[in-house]
Amino acid sequence: MVTVRAPATSANLGSGFDVFGVALDRPADIVHVERADRTTIEVTGVGSQYIPTDPDRNVVGAVAEALDAPAHIRIDKGVRPSSGLGSSAASSAAAALALNELYDRGLSREELVPVAAEGEAVVSGEAHADNVAPALLGGFTVATDEGVTTVDADIPLVACLPEIAVSTRDARRVVPSDASIEDMVHTVGRAATLAVGMCRRDADLVGAGMDDRVVTPARAELINGYHEVREAALDAGATGVTVSGAGPSVLGVCQAADRTRVAGAMLEAFDEADVDARAYKTRVGRGAEVFES
Ligand SMILES: Nc1ncnc2c1ncn2[C@@H]1O[C@H](COP(=O)(O)OP(=O)(O)OP(=O)(O)O)[C@@H](O)[C@H]1O
Ligand SMILES: N[C@@H](CCO)C(=O)O
């Protein structure tokens, strides 16, 4: 048996739609795999009642098929599905690393990124790699069709998860089909600022670089209380706030000393909007780990 822990991730970071991602140091999924003649799946943990065990509909089924590695796969969910915290990607990445080890396929983590992205195609219709890349490689990742670049950043974060479900498939439907040249210039500037901030481990630059005028405003409308939560986090010291992945989680960047205050302000603002929520005080973390063979 092989067991792998793969972390939650936050994709986009505002200005880097479908490109930027970070691994979070918590929460995480744990996936156990054992060789079998055909793939079977068992799911326990947070939100497991909403996750199919049919290999054609669970992301890990697509990963097992892509690696030609049938197995009994047991998923212990720590990352709630439809959270915007890369729930499906955590399972996909963990399964890819675990099955690669179980069947001695010899693929590198970079080579496993497109394999794990096959899982994402099952749930959102597109094999975007911006969650599975950080889930496998850790740190801050830039995923393009040329491959993935990583930076071992260390930035404090708060991920606030409201009791609202937003599926990636639905959130992709509201993405505008075009953008003005002014918005493109704005986005390029912010994305570059964010990337420099990650390289310098500078939370002020990262926060400033999260601003986005194209995708985030459309998705914010799917999250009850988003604008109030964003304002509250900024007032409490966050250097930048945006929608995490496809939402509904809201991601704040801040200095480590402000993290508890920012988390409290976000929870209070959701509460005032009559939305239950929980906050993860976290930071940019490591990628998936094999911790038992
Ligand atoms: N192993 C799995 N883990 C989580 N969700 C799964 C899994 N397999 C299939 N799904 C389905 O995928 C959907 C959740 O994926 P979705 O991409 O919408 O959320 P997410 O991964 O939390 O979001 P994001 O990618 O925005 O961070 C749910 O409909 C769920 O049933
Ligand atoms: N980049 C993806 C991440 C969510 O899976 C999106 O925002 O739709």
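G21 finds its bridge partner in β5, and that partner is T141. The pairing of β2 with β5 is antiparallel and runs over three bridges. Keep in mind that this is a predicted model. Two domains come out of the assignment, domain 1 (2-151 + 285-292) and domain 2 (156-283), and the shells around ligand 1 and ligand 2 each draw at least three residues from both.

**Strands in domain 1**

- β5 also pairs with strand β6 (residues 147-151), again in the antiparallel sense, this time over five bridges.
- One of the residue pairs there is T144 with G147, the latter sitting in β6.
- Getting from β5 to β6 takes a hairpin with two residues in the connection.

**The four-stranded sheet and its helices**

- Another sheet is an open one built from four strands, ordered β8-β9-β7-β10, with antiparallel pairing.
- Its edges are β8 (240-243) and β10 (277-283); each has a single partner strand, so one side of each goes without a neighbour in the sheet.
- From one strand to the next, the twist averages 20 degrees.
- Inside that order, β7 (residues 156-162) and β9 (residues 250-253) run antiparallel and are joined by four bridges.
- If you want a reference pair for that stretch, V158 stands opposite G252 in β9.
- Helix α10 (residues 259-272) packs on the sheet and touches β7, β9 and β10, with its direction at about 20 degrees to that of β7.
- Helix α9 (residues 226-235) lies across β7, β8 and β9, and runs at about 15 degrees to β9.
- UniProt, in an unreviewed entry, puts the feature "domain: GHMP kinase C-terminal" at residues 196-270.
- Over residues 196-270, the chain is 51% helix and 11% strand, and the C-alpha atoms at the two ends are 31 Å apart.

**Where the domains meet**

- Taking C-alpha centres, domain 1 and domain 2 are 23 Å apart.
- Their contact involves 27 residues of domain 1 and 34 residues of domain 2.
- On the domain 1 side, β1 (2-11), β2 (20-35), α3 and β5 (140-144) each put in at least two residues.
- β2 supplies the largest share of that side, namely five residues.
- By character, the domain 1 side of the contact splits into eleven nonpolar, 13 polar and three charged residues.

**Around ligand 1**

- Ligand 1 is surrounded by 25 residues, and the closest are S87, S91, T168, G245 and A246.
- The elements giving two or more residues to this shell are α1 (59-66), α2 (87-102) and α3 (109-124).
- Of the elements, α2 gives the most, with four residues.
- If you're thinking about electrostatics, the split is twelve nonpolar, 13 polar and no charged residues in this shell.

**Around ligand 2**

- The residues around ligand 2 are A11, N12, D18, S124, H128, D130, N131, T168, A171, R172, G245 and A246.
- Helix α5 (residues 168-173) gives the most to this shell, with three residues.
- Here the shell divides into three nonpolar, six polar and three charged residues.
- T168, G245 and A246 are among the closest residues to ligand 1, and they turn up in the list for ligand 2 as well.

**Backbone oddities**

- Most residues other than glycine have a negative phi, and most peptide bonds are trans.
- N12 has a phi near 80 degrees, a positive value in a residue that isn't glycine. N12 sits in the loop between β1 and β2, and N12 is also one of the residues around ligand 2.
- The R26 to P27 peptide bond is cis, with omega about -5 degrees. P27 is part of strand β2, the strand that gives five residues to the domain 1 side of the contact.
- A cis bond also links G247 to P248, where omega is near 10 degrees. P248 belongs to the loop between β8 and β9.

Definitions and conventions. Residues numbered from 1 in each chain as written. Chains lettered and ligands numbered in written order. Predicted model: local features only at pLDDT ≥ 70, side-chain atom pairs only at ≥ 80, totals over all residues. Near = placed C-beta within 6 Å. Nonpolar A, V, L, I, M, F, W, Y, C, P; charged D, E, K, R; others polar. Domains from an automatic or database assignment. Pairing = 2+ DSSP bridges. Axes fitted to C-alpha atoms, helices over the stretch in contact; angles between N-to-C directions. Contact = placed C-beta atoms within 7 Å. UniProt positions renumbered as here; feature names shortened; annotations may be inferred.
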